[in-house]
Amino acid sequence: QVQLVESGGGLVQAGGSLRLSCVASTSIFSMFDMGWYRQAPGKQRELVAVISSRGNTNYADSVKGRFTISRDNAKKTVYLQMNSLKPEDTADYYCNANWIASRRYDYWGRGTQVTVSS
């Protein structure tokens, strides 16, 4: 079982920045594809950004050019740098770890809340 612990959420004004972190409890962190998802009140959870075990990244169109996902395998941590935040970025942000080996391993953190005021 892998535990994921997010941090870095909070209240910020529109145009501001936040950096989310997610620390994983596994020694094979480098094998996992890591992602950030978000869920706004009354909406479905959606993909924000992913970074593969090889470092390839992909972003939702709504955050391209504003958010950057990165990882530090030595620290077993994935980051989400969020710049030029908008009120519509307000949501709970969740970290995900995914690895397909002999079976699929899929883990979620408990989330961290991001609120962007206008």
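**Reading the side-chain contacts around arginine 71 and arginine 38**

Mentor: Let's start with arginine 71: setting aside neighbours within four places in sequence, it is in contact (heavy atoms within 4.5 Å) with Phe29, Ser30, Phe32, Asp33, Met34, Ile51, Ser52, Ser53, Thr77 and Val78. Before we go on, this is a predicted model, where local features need pLDDT of at least 70, side-chain atom pairs count only at pLDDT 80 or more, and totals for chains, interfaces and linings use all residues. Residues are numbered from 1 along each chain as its sequence is written, and side-chain values use heavy atoms, with hydrogens and water left out.

Trainee: Where is arginine 71 found, and which side chain of opposite charge is nearest to it?

Mentor: Arginine 71 belongs to strand S7; strands (E, at least two residues) and helices (H or I, at least four) are DSSP runs numbered from the N terminus. For charge, Lys and Arg count as positive and Asp and Glu as negative, while His and the chain ends are not counted. The nearest opposite charge is aspartate 33, at 5.3 Å, and arginine 71 has no salt bridge although it is buried. Buried means under 20% relative accessible area, exposed over 50%, and partly exposed in between (1.4 Å probe, protein chains only).

Trainee: Which backbone oxygen does the side chain of arginine 71 reach at 2.9 Å?

Mentor: That of serine 52. A polar atom of the arginine 71 side chain also lies 3.5 Å from the backbone oxygen of isoleucine 51.

Trainee: How many salt bridges are there?

Mentor: A salt bridge needs a side-chain nitrogen of Lys or Arg within 4 Å of a carboxyl oxygen of Asp or Glu, and the count here is 4. Have a look at arginine 38, which pairs with glutamate 46 at 2.7 Å between the closest N and O atoms. Arginine 38 is buried at 6% relative accessible area, whereas glutamate 46 is partly exposed at 37%. Arginine 38 also meets aspartate 89 in a salt bridge, 2.9 Å from N to O. Aspartate 89 sits in the loop between strand S8 (77-82) and strand S9 (91-100) and arginine 38 in strand S4 (residues 33-39), so this pair ties together parts 51 residues apart in sequence.

Trainee: Is aspartate 89 buried or exposed, and what does it meet besides arginine 38?

Mentor: Aspartate 89 is buried, at 1% relative accessibility. Its side chain forms a salt bridge with arginine 66 as well, at 2.7 Å from N to O. Arginine 66 lies in the loop between strand S6 (57-59) and strand S7 (67-72), 23 residues from aspartate 89, so distant parts of the chain are linked. Arginine 66 is buried too, at 11%. Together, Arg38, Glu46, Arg66 and Asp89 make up a network of salt bridges.

Trainee: And the rings: how many aromatic pairs does the structure hold?

Mentor: It holds 4. Among them, phenylalanine 32 and tyrosine 107 form a tilted pair, 6.2 Å centre to centre with 55° between the planes. Phenylalanine 32 is in the loop between strand S3 (18-24) and S4, and tyrosine 107 in strand S10 (residues 104-108), so the pair joins parts 75 residues apart in sequence. Both phenylalanine 32 and tyrosine 107 are buried. Tryptophan 99 and tyrosine 105 have ring centres 5.3 Å apart and planes at 25°, so this pair is stacked. As for the cut-offs, rings of Phe, Tyr and Trp (its six-membered ring) pair if their centres lie within 6.5 Å; planes under 30 degrees apart count as stacked, over 60 as edge-to-face and the rest as tilted. Ring pairs link Phe32, Trp99, Tyr105 and Tyr107 into a cluster.

Note on methods:
A polar contact is a pair of N or O atoms within 3.5 Å; within protein, one must be able to donate a hydrogen and the other to accept it, and residues adjacent in sequence count only if both atoms are side-chain atoms.
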